[in-house]
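Let's take a walk through this one together. Have the sequence and the 3D view open side by side, and we'll go from strand pairing out to the surface.

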Amino acid sequence: MYQRRRARVLLAVLTLVALILITIDVRSGDSGLLHGTRGVATAVLQPVQDGFGVLIRPFGVAASSVRELFGIRAENEVLRRQVEALSERRNVVADLERENRELRRLLDMAERNDFDTVAARVVSLAPSTFEWTVTIDAGVDDGVERDMAVIGASGLVGRVVQVTATSSRVLLAIDPNFFAAARAARTGETGLVEGRGSEPMVMRLLDPQADVEPGDEIVTSAYQGGVFPAGIPLGVVADAGDPDSRLTREATILPYVDFTRVHHVLVVVGTPIAVVPPLTGTPDVDFDAPDVDRFRDPSDDDATGEVPDGLDALPDDETDADDGGETTDPAP
C-alpha cells in the first residue's frame, strides 16, 4: 500500500517538473538557460541514440518482414481459393459447351433426315461386360417402342430391345448380336453390317466383286419390314476385303460413333414415307437395263450369231412360216 502511494507521488512530481521545464523553455526561446542545456544533451546523447537505432533497426525490419509474410500468406490463401473456384467454373463451362455442341449435332442429324425423334439421356451402362447395351431415360410414356432405331450426333447408336414406362435398354451397334442392312454411299453396294464388340464392325457384301474401297462411307439401307431408316451414317471402310473372293467378302468398318462417350441420343419414332414411282410408264425417269446378252443361249440365234429384230419378242409357241413370213398356230 505504501509502495503504491509513493509511486503515485513520484509520478505526480515528475509530471509537474516536466510541465515547468516545458513552460520555461517555451517562454525563454533560444536565449534561455534550457536552450544551452538542450544542445549539450543533444550532443552527448545523439551518438548513443544513433547507435541504439542502428542496433535495433534489424529487429524492426525483421518484425516488419514477419508482418508482411503473414499478410502475403493470407493474400495467397485468398488467391488460391479464387483460382480453385475459377478452375471449377471453367470445367463446368467446358462441359456445358461440349453438351451444347452434342445437342446441336443431334438436332442437325434429325433435321437432315427429317425424322420424328424423342430425345433421351444415357443413364446407365450395361449390367455386365458380356453385352454392349445402355439404358436411356425415355420409354413407353414418351412413345418409345421395341426395335426403334437410336441415333447419336455422329450416326447410328443401336436399337431398342427392351422398354418400360420411363426407360429403355438399347443394344449398341457394336454388340455381336447386332446387325443392320447397309450400303456404300458412293456406289450403293449393299451388305449386312455386324457388330464385333471392341473390334471394328464387319460388313458382309452381297456381291463379292462389289465396288467398295477404303474410305467409302457406309450408311443404313431401308427395306420392307426393316428396323432402321435409310441414310443413317454407320462408319467408314477401313479394309475392303479381298475382291477376288468367289464366295463371300467382308469389309472392315470403323464406326463413326464413339460408344464410350455416348451421353445424349435420339430415338427415331417416325420416318418420312417415300413415294416410290412405278418402274414403267413414268415419264422423265431413266432406268439402267441390265445386260441380258451374256445370259443368252447362242444355240437360239441364227447362223450369223445375231438375233433378227423382233424374233426375241415372239412367244415360244409361235414360228415364222416359210410362205411370206406368216405365222401359223401349231397343231393341237
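Strand 8 (residues 199-205) and strand 11 (residues 249-255) run antiparallel, and five bridges join them. If you want one spot to look at in this predicted model, go to Leu205: its bridge partner in strand 11 is Arg249. As a reminder, strands of a sheet pair through backbone hydrogen bonds, and they can do that either parallel or antiparallel.

Now zoom out from that pair. Strands 8 and 11 sit next to each other in a closed barrel of six strands, with the order 6-7-8-11-10-9 and antiparallel pairing. Going from one strand to the next, the twist averages 45 degrees.

Next, head back along the chain to the loop between strand 2 (133-136) and strand 3 (149-151), which is where Asp147 lies. Check its backbone: phi is near 70 degrees, a positive value in a residue other than glycine. Is Asp147 buried or exposed? Neither, quite: its relative accessible area is 32%, so Asp147 counts as partly exposed, given that buried means under 20% and exposed means over 50%.

Last stop, helix 1 (residues 2-28), where you'll find Val9. Val9 belongs to a nonpolar patch on the surface that also takes in Val13 and Val17. Together these three valines have about 230 Å² of accessible area. Val9 itself has a relative accessibility of 48%, so Val9 too goes down as partly exposed, since the exposed label needs over 50%.

Conventions. Residues numbered from 1 in each chain as written. Predicted model: local features only at pLDDT ≥ 70, side-chain atom pairs only at ≥ 80, totals over all residues. Heavy atoms only, no water. Helix = DSSP H or I, 4+ residues; strand = E, 2+ residues; numbered from the N terminus. Buried < 20%, exposed > 50% of the residue type's maximum accessible area, 1.4 Å probe, protein only. Patch = residues over 30% accessible without salt bridge, like charges linked within 9 Å, V, L, I, M, F, W, Y side chains within 5 Å. Areas by Shrake-Rupley, 256 points an atom, 1.4 Å probe, with all protein chains shown as cover. Salt bridge = Lys/Arg side-chain N within 4 Å of Asp/Glu carboxyl O. Pairing = 2+ DSSP bridges. Axes fitted to C-alpha atoms, helices over the stretch in contact; angles between N-to-C directions.
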